[in-house]
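Q: Can we walk through this structure together? I'd like to see how the labels get attached.

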Amino acid sequence: MNIIKVKDYPAMSEKACEIITKHMKSNKRSVLGLATGSTPEGLYEKLVHKNKQGEITFQYTSTFNLDEYIGLDKNNPNSYYYFMNEHLFKHIDIPEKQIHLPNGMAKNKQQECDNYEQLIKQAGNIDLQILGLGLNGHIGFNEPKTPFDQRTHIIELDESTRQANARFFNSIDDVPTEAITMGIATIMGSKKIVLLVSGEKKAETLAKVIQGEVTEDVPASILQKHADITVIADEAALSKTKGYN
Ligand SMILES: O=P(O)(O)OC[C@H]1O[C@](O)(CO)[C@@H](O)[C@@H]1O
């Protein structure tokens with residue numbers, strides 16, 4: 001694992017933006033894997049800025065998001081499609097047909113998972129995948145105990161994940177109980193991975209991810225086995241990782 005320690009959240013976003021910009025400049029037809037959540041918001045803001053300045057273009061870029069809630073349509077402000085549109089897509093020059101998220105409203109959810117997996121394959125797999133880290137070690141919505149060999153699938157959300165994400169909803173009862181997520185095997189198939197982590201709250205989990213046992217109890221620990229993984233974490237997030245605190 002290549003670990004980059006930065007001061008704080010703005011520095012994490014800046015470093016991530018630098019890496020992605022460099023990647024996009026040397027890979028014109030890049031396939032990007034994108035994440036939602038609070039973590040990549042700063043990064044997206046910076047990418048929008050670079051696009052508006054004409055430093056990078058998304059015209060030939062395809063994107064695949066990690067996950068989507070089941071039961072929320074694109075126009076629901078809590079759907080991940082809506083989030084991505086608000087924070088990135090509507091501000092950049094990406095053609096709509098090159099944007100992909102699982103459809104949480106699909107009639108046949110299993111078919112939707114299989115189709116999504118197929119689309120990723122057809123695109124030649126993800127070139128660069130951005131990841132955030134769940135408090136319980138999840139990546140995408142792969143909750144603890146998700147088998148490492150799973151591809152895109154339907155997942156029942158952990159109560160802790162629903163609680164953590166309840167801040168975006170009117171009440172906990174409105175938080176969906178299920179989602180469609182790229183599987184760990186799908187994520188591990190990405191050529192390059194950048195994991196972003198900020199804040200003291202995630203320090204214990206990050207220490208397990210970097211230095212703990214590789215176990216399905218901590219889904220992100222599998223990243224230790226990826227050949228090209230960069231972790232960009234701030235001082236608070238690394239405060240419990242030996243040698244980095
Ligand atoms: O960035 P946040 O809001 O802390 O969320 C961390 C992770 O949790 C999720 O939002 C899912 O709960 C992921 O998409 C994200 O990577």
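A: Sure, starting with contact: two residues are in contact if their C-beta atoms, placed from the backbone, lie within 7 Å. Keep in mind that this is a predicted model.

Q: Which residues of H1 and H2 meet by that rule?
A: From H1 you get Tyr9, Pro10, Ser13, Glu14, Ala16, Cys17, Ile20 and Thr21. Their partners in H2 are Gly42, Leu43, Lys46, Leu47 and Lys50. Sort the residues of this contact and you find seven nonpolar, three polar and three charged.

Q: Why is H1 called oblique to H2?
A: Helix H1 (residues 9-26) and helix H2 (residues 41-52) have axes that cross at roughly 50° and come within 8 Å. Roughly parallel needs an angle under 35 degrees, and roughly perpendicular runs from 65 to 115. The crossing angle therefore makes H1 oblique to H2. As for handedness, the crossing of H1 and H2 is right-handed.

Q: What makes up the shell around the ligand, by residue class?
A: Eight polar residues, three nonpolar and no charged ones. Among the residues surrounding the ligand are Ala35, Leu133 and Phe141, along with Thr36, Ser38 and Asn165. Ala, Leu and Phe count as nonpolar.

How values were computed: Residues numbered from 1 in each chain as written. Predicted model: local features only at pLDDT ≥ 70, side-chain atom pairs only at ≥ 80, totals over all residues. Near = placed C-beta within 6 Å. Axes fitted to C-alpha atoms, helices over the stretch in contact; angles between N-to-C directions. Helix = DSSP H or I, 4+ residues; strand = E, 2+ residues; numbered from the N terminus. Parallel < 35°, antiparallel > 145°, perpendicular 65-115°, else oblique. Left-handed = near helix turned anticlockwise from the far one by under 90°.
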